[in-house]
Amino acid sequence: MSWNRFKEYCLNIPSLDLSLDVSRVDFPDTYLAEMQPKIAKAIADMEALEGGAIANPDENRMVGHYWLRNAAIAPDAAITDEITKTRARIKDFAKKVHAGEIAGQDGPFKNILCIGIGGSALGPQFVSQALGHPASDPVKVYFFDNTDPDGFDIVLSQLKGQLGQTLAIVTTKSGGTPETRNGMVEAQAAWKAAGLDFAKHAVAITGEGSKMDKVAVSEGWIERFPMWDWVGGRTSELAAVGLVPAALNGIDIDGMLDGAAAMDEVTRNKDFRQNPAAMLALMWYRLTGGKGARDMVILPYKERLSLFAKYLQQLVMESLGKEKDLDGNVVHQGIAVYGNKGSTDQHAYVQQLRDGVPNFYATFIEVLKSRAGDSIAVEGEHTAGDFLQGFLLGTRDALYDNGRNSITITVKEVTPFTVGMLIALYERAVGYYGTLVNINAYHQPGVEAGKKAAASTLELRQAILDGLRAAKGESFTAESLAKKIGREPQTELIYKILENLAANPAKGVQKSAGQAFCDNQYSCV
Ligand SMILES: O=P(O)(O)OC[C@H]1O[C@](O)(CO)[C@@H](O)[C@@H]1O
């Protein structure tokens, strides 16, 4: 890598203590000039979006996550007012919880249990890992982000005897996500079993008037915070979704919002060579051929950022993974994202990155400051942190020497400001990329298909149970039961559900194994 190319293509932004080095992306010197009209359109579209345009046409919605950190730019005064008041309410609520003025039945809250999934969980998980100090934070943070009963049990076992000092935060924009509803129902049962009133330990973050909101109102939960329809789940970390748990956790939420606002300012720059979000989107476009041809591997060399790849996975893949473009053409767009942390990944999959199928590009995230205090030397004069940077630089060179491109983002340290900045950087890069490939980056129609299919399997499960119960004592194979209940085309699903019912005997389904799996017999006792 030449020093001259590095000087040319490492964008250094002193006001943010951040640099974006794209010199290790092999684009010809003509590339940026060629892309100028396309990126100019993306920047103009984003300006319209920030001004309140219906940037999510399918759902007929505005896209307003940028207003969250600068309420003054919201397109109407009522929105500005709501954002400002909500932010103040969150800080006030956290203050009262910390002071013990708002407390559980057994005393001041010392834990929070965040119940939510997708955008209603990934941001809070990333931020609590990035900015928490578990030994000294005012609360310990736990999550229910699935509908796995064993997962609930693991968390509840850690909270045993402490539910009277645990605040449950139920987060769902739509208010109707089954996994979250199930988590809430399981939590309610656990609080009840402990002789406690769940409502006195519960807060809702949801759309006004949603199903969950109605539950919170009718049961008299402690507090409700809004989730607005103009904020998407995957861009909601800087709305109440992320700010409530962060503030309770003692994290400086103003710092996060300031970092995001400062990044927004810089990434509005029409001089795209000085605009890190525009440059990031242009690199993605170059590296993937504008068609997702390569995966994005995120490699933060910092424990605190180890959930960033998981967070970005939703932000990027739910935003960009689309079947159709804005003109209705089938395009199957998207960029796959994965990653964990360096140097740990060096001992897992970096072998393939260096030598295997070249279907990716890496993004190294470098954090200059090693730790809060000084470090001991572990070998000669070198500290563990010196090794960490050594592995980053070494891996980056080893990849580049073998024709593997990479981007490097460097920040000084992991602070609320930096985290806000990184979130804002990727939010806008995703938006710009959406325009470059002409897709709606703000809806998620594909997820609905899976949700509908899941609902129909529950209906089938009920039909199976009804069929078995109606013929109590009689045994069926999957095939004969399918025939009996008139669902022959669904025999495979019936087999899968019968196996699950037999493994969870509470509903009375028993199995007697046949010679081959398809001969297994099931009956209801
Ligand atoms: O906040 P909600 O409405 O419960 O949705 C959770 C997640 O589910 C999705 O709608 C996809 O299933 C995500 O976009 C969203 O972040």
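# A guided tour, starting at a cis peptide bond

Select Ser343, which you will find in the loop between strand E11 (337–338) and helix H12 (350–355). Before you zoom in, keep in mind that you have a predicted model on your screen. Now add Gly342 to your selection and look at the link between the two residues. The peptide bond from Gly342 to Ser343 is cis, and its omega is near 0°. Why stop here? Most peptide bonds are trans, and most residues other than glycine have a negative phi.

**Stop two: positive phi angles**

That second habit of backbones leads us to Asp17. Asp17 is not a glycine, yet its phi is positive, at about 55°. You can find Asp17 in the loop between strand E1 (10–13) and strand E2 (18–21). Is Asp17 buried, exposed or partly exposed? Its relative accessible area is 45%, so Asp17 counts as partly exposed.

Go on to Asn60, in the loop between helix H2 (31–50) and helix H3 (77–99). Asn60 is not a glycine either, and its phi is positive at about 50°. With a relative accessible area of 57%, Asn60 is exposed.

**Stop three: an enclosed helix**

Select residues 240–248 to pick out helix H8. How many of the nine residues of H8 are buried? Nine of the nine are, so the helix is largely enclosed by the rest of the structure. Click along H8 and you will pass its buried residues, among them Val241, Leu243, Pro245 and Leu248. Just after H8, pause at Gly250, where phi is positive at about 85°.

**Stop four: the ligand**

Now show the ligand and the residues around it. There are 14 residues surrounding the ligand, and Ser120, Thr172, Ser174, Thr177 and Glu318 are the closest. Colour this shell by class and you will see two nonpolar, nine polar and three charged residues. Two helices to highlight are H11 (308–320) and H15 (445–470), each of which supplies at least two residues of the shell.

Try checking some polar contacts with your viewer's distance tool:

- Ser120: an N or O atom in its side chain is 2.7 Å from an oxygen atom of the ligand.
- Thr177: a polar atom of its side chain lies 2.5 Å from a ligand oxygen.
- Gln314: here a polar side-chain atom and an oxygen atom of the ligand lie 3.1 Å apart.

How much of the ligand's accessible area does the protein cover? On its own the ligand has 390 Å² of accessible area, and the protein covers 89% of that.

**Stop five: along H11 and H15**

While H11 is highlighted, find Ser319 in this helix. With a relative accessible area of 2%, Ser319 is buried. Follow the side chain of Ser319 and you will see it reach the backbone oxygen of Ala441, at 3.5 Å.

In H15, pick Glu448. Glu448 has a relative accessibility of 32%, so it counts as partly exposed. For a sense of scale, also select Phe387: the C-alpha atoms of Glu448 and Phe387 are separated by 46 Å, and the two residues are 61 apart along the chain.

**Stop six: aromatic rings**

Show the side chains of Phe, Tyr and Trp. The count of aromatic pairs comes to 20. Start with Phe144 and Phe152, a tilted pair with 4.5 Å from centre to centre and 50° between the planes. Both Phe144 and Phe152 are buried.

Then turn to Tyr301 and Phe364. Why is this pair called tilted? The ring centres are 6.0 Å apart and the planes meet at 40°, so the pair counts as tilted; the tilted class covers angles that are neither under 30 degrees nor over 60. Tyr301 sits in the loop between strand E10 (295–300) and H11, while Phe364 is in strand E12 (residues 360–367), so this pair links distant parts of the chain, 63 residues apart. Tyr301 is buried, and Phe364 is too.

For a bigger group, select Phe126, Trp284, Tyr285, Phe308, Tyr311, Tyr426 and Tyr433, which ring pairs link into a cluster.

**Last stop: charges over rings**

Select Arg24 and Tyr400. The charged end of Arg24 sits over the Tyr400 ring, 5.5 Å from the ring centre. Finish with Arg286 and Tyr31: the charged end of Arg286 sits over the ring of Tyr31, at 5.5 Å from its centre.

Technical notes
Residues are numbered from 1 along each chain as its sequence is written. This is a predicted model: local features need pLDDT of at least 70, side-chain atom pairs count only at pLDDT 80 or more; totals for chains, interfaces and linings use all residues. Side-chain values use heavy atoms; hydrogens and water are left out. A residue is near a molecule or strand if one of its heavy atoms lies within 4 Å of it. A polar contact is a pair of N or O atoms within 3.5 Å; within protein, one must be able to donate a hydrogen and the other to accept it, and residues adjacent in sequence count only if both atoms are side-chain atoms. Accessible areas come from the Shrake-Rupley method with a 1.4 Å probe; for residues, only the protein chains shown count as cover. Helices (H or I, at least four residues) and strands (E, at least two) are DSSP runs, numbered from the N terminus. Ala, Val, Leu, Ile, Met, Phe, Trp, Tyr, Cys and Pro count as nonpolar, Asp, Glu, Lys and Arg as charged, and the others, Gly among them, as polar. Rings of Phe, Tyr and Trp (its six-membered ring) pair if their centres lie within 6.5 Å; planes under 30 degrees apart count as stacked, over 60 as edge-to-face and the rest as tilted. Buried means under 20% relative accessible area, exposed over 50%, partly exposed in between (1.4 Å probe, protein chains only). A charge sits over a ring if NZ of Lys or CZ of Arg is within 6 Å of the ring centre and within 35 degrees of the ring normal.
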